[in-house]
Amino acid sequence: MAAARPGLRAAAAATLILSVATACSKAPTGSGTRPSPPGAAPGATVMIVSDPATIGRFTPVTVRVAAGQSVEWVFQDLNPHSVTADDNSFTSVQTGLTKGQTYSHTFAQAGTYPYHCFIHPQMKATVVVE
Ligand SMILES: [Cu+2]
């Protein structure tokens, strides 16, 4: 007479490990001007690099963010550059920022925001807010 026990089904499925990494604690590099309110999600980063043709260049030339997100510009060129909206709705200091400095702006409203460098108007780029 064998005690045919079906045995306990491995209830291992109950071991749900909540490892969903919702790490929103990404600290922005540098401690420059940060008009972003706390909690504003950084949507995109634009590098300002040197370029023999235009002195400086925004890369990528077009970034897309959602309304309410910010864009951070990271200056990597030794020459000073600015981030200035074509309609002057936002700007970093127009005398320019240089390597190691950052500027960020939060875009509350959807739209297309062309901008340039105040010092070198041939430097052009666009932020698209969706
Ligand atoms: Cu410039």
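User: Where is Pro-60 found, in a strand or in a loop?

Analyst: This is a predicted model, and in it Pro-60 is found in the loop between strand S2 (55-59) and S3.

User: What kind of peptide bond joins Thr-59 and Pro-60?

Analyst: Start with the general idea: most peptide bonds are trans, and most residues other than glycine have a negative phi. Now the case here: the bond joining Thr-59 and Pro-60 is cis, with omega at about 0°.

User: You mentioned phi. Which sign does phi have at Ile-55?

Analyst: Positive, at about 75°, even though Ile-55 is not a glycine. You can find Ile-55 in strand S2.

User: And what about Asn-88?

Analyst: Asn-88 is not a glycine either, yet its phi is positive too, at about 60°. Look for Asn-88 in the loop between S5 and strand S6 (102-106).

User: Why does Ile-55 count as partly exposed?

Analyst: Think of it as counting neighbours: 12 or fewer C-beta atoms within 10 Å makes a residue exposed, and 20 or more makes it buried. Ile-55 has 15 C-beta neighbours inside 10 Å, so it counts as partly exposed.

User: Is Asn-88 buried or exposed, then?

Analyst: Asn-88 counts as exposed, because it has 10 C-beta neighbours inside 10 Å. For the whole protein, buried residues make up 28% of the 130 residues.

User: Let's zoom out. How many helices and strands does the protein have?

Analyst: Read the elements off from the N terminus and you get β-β-β-β-β-β-β-β. That comes to 0 helices and 8 strands.

User: In what order do strands form the open sheet?

Analyst: Reading a sheet means walking across it from strand to strand. Here 4 strands make an open sheet in the order S3-S8-S7-S5, and the pairing is mixed.

User: Why is one side of S3 and of S5 left without a neighbour in the sheet?

Analyst: Because S3 and strand S5 (84-85) stand at the edges, where each has a single partner strand.

User: How many bridges do S7 and S8 pair over?

Analyst: They pair over 6 bridges, in the antiparallel sense. To see this for yourself, find His-116, which stands opposite Lys-124 in S8. Then find Tyr-113, whose bridge partner in S8 is Val-127.

User: How many bridges join S5 to S7?

Analyst: There are 2 bridges, and these strands run antiparallel. Check Ala-85, which stands opposite Tyr-115 in S7.

User: Now the inside. Which residues touch the most other members of the largest nonpolar core?

Analyst: The general idea is that nonpolar side chains tend to be buried together in soluble globular proteins. In this model the largest nonpolar core has 20 residues, and the ones touching the most other members are Val-46, Val-65, Val-71, Trp-73, Phe-107 and Val-127. Strands S1 (42-51), S3 (62-65), S4 (70-75), S7 (111-116) and S8 (124-129) each give two or more residues to this core. The largest share, 4 residues, comes from S4.

User: What does Val-65 touch?

Analyst: Leaving out residues up to four places away in sequence, Val-65 touches Gly-43, Ala-44, Val-71, Phe-107, Val-127 and Val-129.

User: What percentage of the contacts with a separation of 6 or more comes from residues 24 or more positions apart?

Analyst: Here you compare places in the chain with places in the fold. Residues 24 or more positions apart account for 61% of those contacts in the protein.

Definitions and conventions
Residues are numbered from 1 along each chain as its sequence is written. This is a predicted model: local features need pLDDT of at least 70, side-chain atom pairs count only at pLDDT 80 or more; totals for chains, interfaces and linings use all residues. A nonpolar core is a set of buried Ala, Val, Leu, Ile, Met, Phe, Trp, Tyr and Cys residues joined through C-beta atoms within 7 Å. Two residues are in contact if their C-beta atoms, placed from the backbone, lie within 7 Å. Two strands pair if DSSP finds at least two bridges between them.
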